[in-house]
Amino acid sequence: MIRNWIIYTATIIAMLLFTVMYHRQSGFLLLLLAVVLPVLYGLWTNFYGKNSIHISIWEKAKALHKEETATFCIQIQCDRDILWGNKIRLCCWIKNGTGKICKKKKIGLLLEKEKVIEINFIPEYAGAYEVEVGNIRIYSGFSLFFRKISQRICASFFIMPDYREDFLSLGEMPEWKEGDSTTFAPFREGNDPTELLGFRGYRPGDKRNRINWKISTKTRQLTVSEYGYPIACDIGIFIDLDSVDEKQMDGVLSMVYALCVAMIERKRLCYVAWEREKSRQVVRKCLEKEEDIYKILYQISNTLIGHSISLEELYSGQFEGESFTCIYYLCHGKEERETATIGERLHAERVEMLEL
């Protein structure tokens, strides 16, 4: 734009010298037109440029794993044919969940009725990413004036971490613990009347209110209803890191992914907990089914930055009166953390320290 102004100013000066030296009326008219027309065209661009340009973005090919190419299409539409041929410039950023810019591209082109541009990106690490288009400028004729278009177009996508079973060696899991839940242990009797497993004969010690008198009348022997055993959420996955960059985030997601798959395979409910962006607020998500894994990993990559204070201190203050059979505690420098203190604060029978 500065170059255009230099060329334009030099042209005006040359025309002015020609007019003064040769006293040409036609030169004066040309000089007047050279000054007035760009100004009028600049005002025209400023008036129509704001509402005549429409920009959208969509995924053409979404990458689900690392080192796969993600392709996004940026569509630019112009409703006013008088603006066709004008220059438009915009910037495209691709950011990860921690806010770091992974790729930046400046795009300049001439306006048409419709134009589609493709942006390719190959992610190196797992996590949440966002494609943003902004800093949009439309230039008038000769690119002397421009108008900013205050549009911010975004699209997000998520790269799944590698599943690495070698990260973990969980060993023997503690037995199910009964609690409030909609998930029940198979072939195990409990005390939840909402889940009827079947019937059996009366045994000494059974409560009288468990006797099903209707079935007992038909069978002519005392019959007791067998209720379901609701699985308690007594397993915890805690993520407490001082700071997280994109490489560490990749490791966190891979480790949590492996833990979540192990919990689902063993039909165990668990809580996944971490601090939201150093806000002293704990995010706690319950893992019940396989579909929850993707949602939990996505939220971790968007809200895990680091910690303000220890997670066990935050958790015990926010969620009181809870206890855990086992906690998998992901942190930096596990040798420096006191396992006994963590177990005491979180009322956990066992704490497994996992270092990133």
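**Exercise 1.** With which side chain does the side chain of Asp234 make a polar contact? Find the partner, then work out where Asp234 sits and whether Asp234 is buried or exposed.

*Solution.* Keep in mind as you go that this is a predicted model.

- Step 1: Locate the residue. Asp234 belongs to the loop that links β11 (223-230) to β12 (235-240).
- Step 2: Look for the partner. The side chain of Arg268 is in polar contact with that of Asp234, at 3.2 Å.
- Step 3: Judge the exposure. Buried means under 20% relative accessible area. Asp234 has a relative accessibility of 1%, so Asp234 counts as buried.

**Exercise 2.** How many salt bridges does a search of the whole structure find, and which parts does the pair Lys66 and Asp162 tie together?

*Solution.* Here is a helpful idea to start from: side chains can pair when they carry opposite charge and their charged atoms come close.

- Step 1: Take the total. The search of the whole structure gives 11 salt bridges.
- Step 2: Pick out one of them. Lys66 and Asp162 are joined through their side chains by a salt bridge, at 3.0 Å from N to O.
- Step 3: Place both ends. Lys66 is in the loop between β1 (53-61) and β2 (70-78), while Asp162 is in the loop between β8 and β9, so this salt bridge ties together parts that are 96 residues apart in sequence.
- Step 4: Check the surface. Asp162 has 35% relative accessibility, so Asp162 counts as partly exposed.

**Exercise 3.** Where do Lys95 and Glu132 lie, and is each of them buried or partly exposed?

*Solution.*

- Step 1: Find the link. Lys95 and Glu132 form a salt bridge in which the closest N and O atoms are 3.2 Å apart.
- Step 2: Name the strands. Lys95 is part of strand β3 (residues 87-96) and Glu132 is part of strand β6 (residues 127-139), so the pair ties together parts that are 37 residues apart in sequence.
- Step 3: Consider each end in turn. Lys95 is partly exposed, because its relative accessible area is 23%. Glu132 counts as buried, because its relative accessibility is 9%.

**Exercise 4.** Which residue forms a salt bridge with Lys289, and which residues are joined with Lys66 into one network?

*Solution.*

- Step 1: Identify the partner. Lys289 forms its salt bridge with Asp292, and the closest N and O atoms are 3.7 Å apart.
- Step 2: Sort the two ends. Lys289 has a relative accessible area of 43% and is partly exposed, whereas Asp292, at 9% relative accessibility, counts as buried.
- Step 3: Now turn to shared partners. One network of salt bridges joins Lys66, Asp162 and Asp250.

**Exercise 5.** Which residues form a negative surface patch, and where is Glu165 found?

*Solution.*

- Step 1: List the members. Glu165, Glu265, Glu290 and Glu291 make up a negative surface patch.
- Step 2: Place Glu165. Glu165 is in the loop between β8 (153-159) and β9 (184-190).
- Step 3: Assess its exposure. With a relative accessible area of 56%, Glu165 is exposed.

**Exercise 6.** What is phi of Lys267 near, and what is phi of Arg280 near?

*Solution.*

- Step 1: Read off Lys267. Phi is near 55° here, a positive value in a residue other than glycine. Lys267 sits in the loop between α4 (246-265) and β13 (270-275), and counts as exposed at 53% relative accessibility.
- Step 2: Read off Arg280. Phi is near 60° here, again a positive value in a residue other than glycine. Arg280 is in the loop between β13 and β14 (282-287), and counts as partly exposed at 48% relative accessibility.

Methods: Residues are numbered from 1 along each chain as its sequence is written. This is a predicted model: local features need pLDDT of at least 70, side-chain atom pairs count only at pLDDT 80 or more; totals for chains, interfaces and linings use all residues. Side-chain values use heavy atoms; hydrogens and water are left out. Patches are made of residues with over 30% relative accessible area and no salt bridge: like charges are joined within 9 Å, nonpolar side chains (Val, Leu, Ile, Met, Phe, Trp, Tyr) within 5 Å. Accessible areas come from the Shrake-Rupley method with a 1.4 Å probe; for residues, only the protein chains shown count as cover. A salt bridge is a side-chain nitrogen of Lys or Arg within 4 Å of a carboxyl oxygen of Asp or Glu. Lys and Arg count as positive and Asp and Glu as negative; His and the chain ends are not counted. The place of a charge is taken as NZ of Lys, CZ of Arg, CG of Asp or CD of Glu. Helices (H or I, at least four residues) and strands (E, at least two) are DSSP runs, numbered from the N terminus. Buried means under 20% relative accessible area, exposed over 50%, partly exposed in between (1.4 Å probe, protein chains only). A polar contact is a pair of N or O atoms within 3.5 Å; within protein, one must be able to donate a hydrogen and the other to accept it, and residues adjacent in sequence count only if both atoms are side-chain atoms.
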